[in-house]
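The exercises below ask you to read strand pairing, helix packing and charge pairing from a set of coordinates. Work through each task with the structure open before turning to its solution.

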Amino acid sequence: PEPHPRFSAVLLQSSLKLTYEAPPGLKKNLLRTFENWSGDFLSQGSVLRAQSLFVLAWFHAIIQERRKYIPQAWTKFYEFNPADLRASGEVIDSIIDKSKGNVDWQTIQGLLEYSVYGGRVDNHYDFRVLDTYLGGFFNPDLLGPKATQRKLSRAIAIPSTNKYEDYMDVVNNLPEVDNPEIFGLASNIERSIQRGNSSRIIQQLKVLEVPVTEGARFDREQWGTQLYPIIELWRKLTEGPGEVLLRPKDASFDIRPDTPPVDTFVVMESLQARDLVQKIAASLTELSKVLSGNALLSPQIATLGQALLRGNVPMEWSDKWEGPETPFQWLKDLVAKAMSLEGWRAKVREGSLLNKNSVLNLSELFRPDTFLNALRQQTARLAKRPIDGLKLVCSWDITLLPPTTQLPVQVEGLLLQGCSFDGSQLTDATSDASELVTVPKCTIAWISTEEREPYSPANSVPVPLYSTASREKIVSELMLPCPGDRSKWVLAAVALFLSED
């Protein structure tokens, strides 16, 4: 609760506090705002003031209700609250009162962006969404005597009066259920929400399956029933082709002083993967001996077993690589990446990793961002330029790259969310479209900062490239072609991913 001068803080601390979740939806959100605004409050000033406050209430509702679509609409839950609305109202009141009809909309945008709402946002791409909303709502084209259009959306017009009843009519006529498009989001975003909810429920059910208490007495039979499936999975993953991961390293892992940065990265990545696989193999072998009665339970194995019983990835594993949350998927992905890196290392030995016919999938790497940095270093050496004199570009038409481009790399398997893309331009996603679509193969390269980019800034939009659809770890940023207004793709929170999970 917020402090109030007429309500004792001591009484508040000793009181039983009850909270409730406000009903969702733009209509309910706006009704709550207008219930707190009396008719006199809205009509006591000019028409422009009333319109600006209505737009503020709309903006506040939009950014709050957008939280239903985390992590696509916002990457995390931001605590936008009534205090922000009240402070913003005071800002608008003050500026319009002193403007004498010539409102400084940029000042309003800046104060709301940096002093009120933006202080809560810590993600660059979320901040970009906030900035786009503010720029679209608080401008002379929408508000003021020279406004060319007075609509917040295709069906919602701003009243031309300062009468409370006129604004309530607009609010009461809103639909009970929000259409994602009113937030600027893709019409197929419900699929993303359903997938996210399903994943959370499945994870919660898996946790309930294993009632383990910290420090519980070791029960060999119970542990064996629940842990042998993990041990058996590991045995299957590391037999046959996977057996190579258990072998000691040979001369192919040697790195010379003149080894190119990309080759060095691949060898080191493969070596670290193999070391991790062998470390896990040793731990699970020791755990298997304990379960069969051939070894004593050590504190290290006890910690390992309890983590696995709870359905968690042991910390000594996740410290090496933050993969999936469940042990079964974590182990599968670990071996899959380690095996893929064996193929990358084979291409390094052949000298074919970066040739023009090679196509790479960055989701096979543990540290794709480090690969891009290694590619940057190698490009800088070949081009005889400083590293900070290079920029990363991508193109779906290799002829658009500058002729001086060094080390262009073909990349496949990138996933796109928020729209569709055919390799030439972004298009709206249909309501029945897949949540994630695979984009055509593209070419990435580091070029001089002085060189022209494949797509002009006016006809492209910078899109974040994340490791997974959870949008937790960003790898880089790529420019995608989008003739026309690029703000719609910002609001749609378009993003690229290396993999789904």
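**Exercise 1.** How many bridges join strand E3 to strand E5, and do the two strands run parallel or antiparallel? Starting from that pair, work out the sheet to which they belong.

*Solution.* The model is a predicted one, and the strands are taken from it as they stand.

Step 1. Strand E3 (residues 359-360) and strand E5 (residues 406-411) run parallel and are joined by two bridges; in this pair, Leu360 has Val411 of E5 as its bridge partner.

Step 2. E5 is also joined to strand E10 (residues 442-448), this time by four bridges and in the antiparallel sense, with Val409 standing opposite Ile444 in E10.

Step 3. E10 in turn pairs with E4 over six bridges, again antiparallel, and here Lys391 has Ile447 of E10 as its bridge partner.

Step 4. Put together, these pairings give an open sheet of four strands in the order E3-E5-E10-E4, with mixed pairing. E3 and strand E4 (390-395) each have a single partner strand and stand at the edges, so one side of each is left without a neighbour in the sheet.

Step 5. Helix H15 (residues 368-383) packs on this sheet, where it touches E3, E4, E5 and E10, and its direction makes about 150° with that of E5.

**Exercise 2.** In what order do the strands of the five-stranded open sheet follow one another, and which helix packs on that sheet?

*Solution.* Step 1. The order is E9-E6-E13-E11-E12, and the pairing is mixed.

Step 2. Strand E9 (436-438) and strand E12 (474-481) are the edge strands, each of them pairing on one side only, while neighbouring strands of the sheet are turned by 35° against each other on average, direction ignored.

Step 3. At the E12 edge, strand E11 (residues 460-466) pairs with E12 in the antiparallel sense over seven bridges, and Val463 stands opposite Leu478 in E12.

Step 4. The helix that packs on the sheet is H7 (residues 124-137), which touches E11 and E12 and whose direction makes about 145° with that of E11.

**Exercise 3.** Characterise the two helix pairs H6 with H7 and H10 with H14: at what angles do their axes lie?

*Solution.* Step 1. The axes of helix H6 (residues 105-116) and H7 come within 10 Å and cross at roughly 155°, which makes H6 roughly antiparallel to H7. Their crossing is right-handed.

Step 2. On the H6 side the contact is made by Gln109, Leu112, Glu113 and Tyr114, and on the H7 side by Phe127, Leu130, Asp131, Leu134 and Gly135; sorted by class, this contact has five nonpolar, two polar and two charged residues.

Step 3. Helix H10 (residues 220-237) and helix H14 (residues 327-350) pack at an angle of about 10° with their axes 11 Å apart, and are therefore roughly parallel to each other.

Step 4. In this second contact, Pro229, Ile230, Leu233, Trp234 and Leu237 of H10 meet Pro327, Phe328, Leu331, Lys332, Leu334 and Val335 of H14. By class, the contact of H10 with H14 has 10 nonpolar, no polar and one charged residues.

**Exercise 4.** Which parts of the chain does the salt bridge of Arg120 and Asp84 tie together?

*Solution.* Step 1. A search of the whole structure finds 16 salt bridges, and one of them joins the side chains of Arg120 and Asp84, at 2.9 Å from N to O.

Step 2. Arg120 lies in the loop between H6 and H7, whereas Asp84 lies in helix H5 (residues 82-99), so the pair ties together parts that are 36 residues apart in sequence.

Definitions and conventions: Residues are numbered from 1 along each chain as its sequence is written. This is a predicted model: local features need pLDDT of at least 70, side-chain atom pairs count only at pLDDT 80 or more; totals for chains, interfaces and linings use all residues. Side-chain values use heavy atoms; hydrogens and water are left out. Two strands pair if DSSP finds at least two bridges between them. Axes are lines fitted to C-alpha atoms, for helices over the stretch in contact, and angles run from 0 to 180 degrees between N-to-C directions. Contact means heavy atoms within 4.5 Å. Angles under 35 degrees count as roughly parallel, over 145 as roughly antiparallel, 65 to 115 as roughly perpendicular and the rest as oblique. A crossing is left-handed if the near helix is turned anticlockwise from the far one by less than a right angle, and right-handed if clockwise. Ala, Val, Leu, Ile, Met, Phe, Trp, Tyr, Cys and Pro count as nonpolar, Asp, Glu, Lys and Arg as charged, and the others, Gly among them, as polar. A salt bridge is a side-chain nitrogen of Lys or Arg within 4 Å of a carboxyl oxygen of Asp or Glu.
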